[in-house]
Structures are given as structure tokens and as C-alpha cells.
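Welcome! Here are a few exercises to work through with the structure beside you. Try each task before reading its solution.

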Amino acid sequence: MEYYTLNNGIKMPMAGIGVFMMSPAEAEAAVETALKSGVRLIDTANGYMNESGTGRGIKKSGVEREEIFLVTKLWPTVYGKETAVDESLQRLGTDYIDLLFLHQPTDNWREGYKQIEKAYKEGKVKAIGLSNFPDNLLKEAIDTMEIKPQVVQVEAHPYFPQTELKKVLAQTGMGLMAWYPLGHGDKALIGEPVFSELAAKYGKSNAQIILRWHVQSGNIVIPGSKNPDHIRDNFDIFDFELTGEDMEKIAEVDKNVRYYTATPEMIAAYAAMELKEDL
């Protein structure tokens, strides 16, 4: 495993598993498999409505809590809710969270940020961050908030490598955590000739080449899968290294194209979405 050292000195694994779009039972099984396979970074969220399943998977794995880097996110409907962090802790079955994000940049995000700062000061949270925040709000948080974010979670992949954002992050020591690291499973991206060429060169899959590119680019990756073989394969990226020439070839596929962009209407819907976890 390789680690990213956050701007508060915490070391974070650079590869793990995300449980987006999994039921609680699916998250439980995926997390248990991942941890038993050596994965130590787990990413969930209030909005995924599977924190309880994630917590059960951690418990069933038998892996000591101190060995696990656990990430979750507050959903906008609980920004400012005094008990929100404690409720996540209860669902996850733990007394601390390694990294807590605000999930979406709704109008009340500043209240939410003070909330995660408070949890950080109380020791309930070891690091804090922002997910899906545009550059202007990220800059505001960096410039005005008491505790600077440690991690930003955004869409990032070879078609959209977040080149400009990474220049900002380099000045602050903030880490980049990539969602859709494989381009939402886009066959066109995964099947790019450069990845097929490098897969043959290193005896790896195209997806493993892309995930290795992320890590060598400094990105923390959380590919999601319910398939035990895929979970293990996604983590099997630390026994080889891409050359500088390989990395330059991959840079040429940059299209500056996202797969997802939140509209104002979507952001408003997020702020009104009811959370209901199926245990």
C-alpha cells in the first residue's frame, strides 16, 4: 500500500473501496470482502443510506478498527443538525471517523462546515473535507474557515484529470480523492489503446493500469464493486510502476470531459432529499 500524508499529518491509504449505489446488505458484503483482501480504506456516506451495512461489514471482517481508514459524508439535510455526526458514528458502529466530508455545496454548507470543524476539535473526526465543491467555494473554505480542508473529493479520471484543481491543491497540501476513477465504467475510456498497450506490457488489466495511473498522479481512489474478484483486482496495483513515458502517453487521452455535472435544480433537490436508511 502507498499512503498520502494529509496537511494535518494523517496518513491516508491511496486505494480503497467505495459503496455508492449499494444496498446495506451489498455494502456489508463488499466491505467485508475488501477488508479481508487487504483493503484498508472504506468510503460511504449518509446519502448512500448504507452506513449501517458498512459498519457491519467492518465488524464481520475481524480487522481491527485502528487499521481501517473510514470515510463518510454528511448529507445537506443534516448540515447544522447537532446530533448528525453522532448518528453516523452510531450507524457505523465506531467512536471516530477518519475523514468526514460535506457531500454537496448547498446554500447551508457554511453551517455544515462549522459542524465538522466542531467534530474535528472534539476528536470524533480525524480529518475533514469537501465533496463536489466548485473552485470558488473551495477557495472560500480555504481562505475563511478556521480549519482548512484536508481532502477534496471530485470526479477525476484520465478523460478529466482535474489539472487546474490539482495546482490549487498542491499549494495547500490537500489531497484529491477521485470518484468515477474508471470513468463510470465507460468502455471507451477503459478501452483506450494506451491502456490496452500498457496492460499487455505489465500483465495487468486496463482498469488496473488506470488505477495505477491515479495513484502515481497523487490521487486517492475508491472504485466500487460488489464482485469479490473485481474488488481484489482493483486493489492489486502496488506490485508495478508506470514509467514517466507511460504517464506521458496517458496524459494524451485528456479530453477535459466530465460524466456528471450538478445543475442548480439538482443541488436544490439534494437539500430537500429525505434520508431513510434500510437496516
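**Exercise 1.** How many residues does the largest nonpolar core have, and which of them have the most contacts inside it?

*Solution.* Keep in mind that this is a predicted model. Start with the count: the largest nonpolar core holds 85 residues. Next, look for the residues with the most contacts inside this core, which are M12, L74, L99, L102, W109 and M177. Then ask which element gives the most to the core: helix 9 (residues 206–216), with six residues. A general tendency fits here: in soluble globular proteins, nonpolar side chains tend to be buried together.

**Exercise 2.** Leaving aside neighbours within four places in sequence, find the residues that M177 is in contact with.

*Solution.* Begin early in the chain, where M177 is in contact with M12 and D43. Moving along, add V71, L99 and F101, then V151, V152, Q153 and V154. Finish with I220 and I222.

**Exercise 3.** Is helix 9 largely enclosed by the rest of the structure or left open, and why?

*Solution.* First, list the buried residues of helix 9: N206, A207, Q208, I209, I210, L211, R212, W213, H214 and V215. Second, set them against its length: ten of the eleven residues are buried, so helix 9 is largely enclosed by the rest of the structure. Third, look at what covers these buried residues; strand 9 (175–179) and strand 10 (219–221) are included, and so are helix 7 (187–190), helix 8 (193–202), helix 10 (228–235) and helix 11 (244–251). Last, step just past the end of helix 9, where G218 takes a positive phi of about 95°.

**Exercise 4.** Where does T44 lie, and is T44 buried or exposed?

*Solution.* Locate T44 in the loop between strand 4 (41–43) and helix 2 (51–61). Now check its accessibility: T44 counts as buried because its relative accessibility is 0%, and the cut-off for buried is under 20%. Not counting residues up to four places away in sequence, T44 touches V19, N50, E51, T54, V71, T72, K73 and L92.

**Exercise 5.** What radius of gyration does the protein have, and what would a compact globule with 279 residues have?

*Solution.* Start with the make-up: the protein has twelve helices and ten strands. For 279 residues, a compact globule would have a radius of gyration near 19 Å; the protein has 18 Å, so the two agree. Along the principal axes, the C-alpha atoms fill a box of roughly 55 × 40 × 35 Å. To finish, turn to burial: buried residues make up 54% of the 279 residues.

Terms used: Residues numbered from 1 in each chain as written. Predicted model: local features only at pLDDT ≥ 70, side-chain atom pairs only at ≥ 80, totals over all residues. Heavy atoms only, no water. Core = buried A, V, L, I, M, F, W, Y, C linked by side-chain atoms within 4.5 Å. Buried < 20%, exposed > 50% of the residue type's maximum accessible area, 1.4 Å probe, protein only. Helix = DSSP H or I, 4+ residues; strand = E, 2+ residues; numbered from the N terminus. Contact = heavy atoms within 4.5 Å. Rg over C-alpha atoms; globule rule 2.2 N^0.38 Å.
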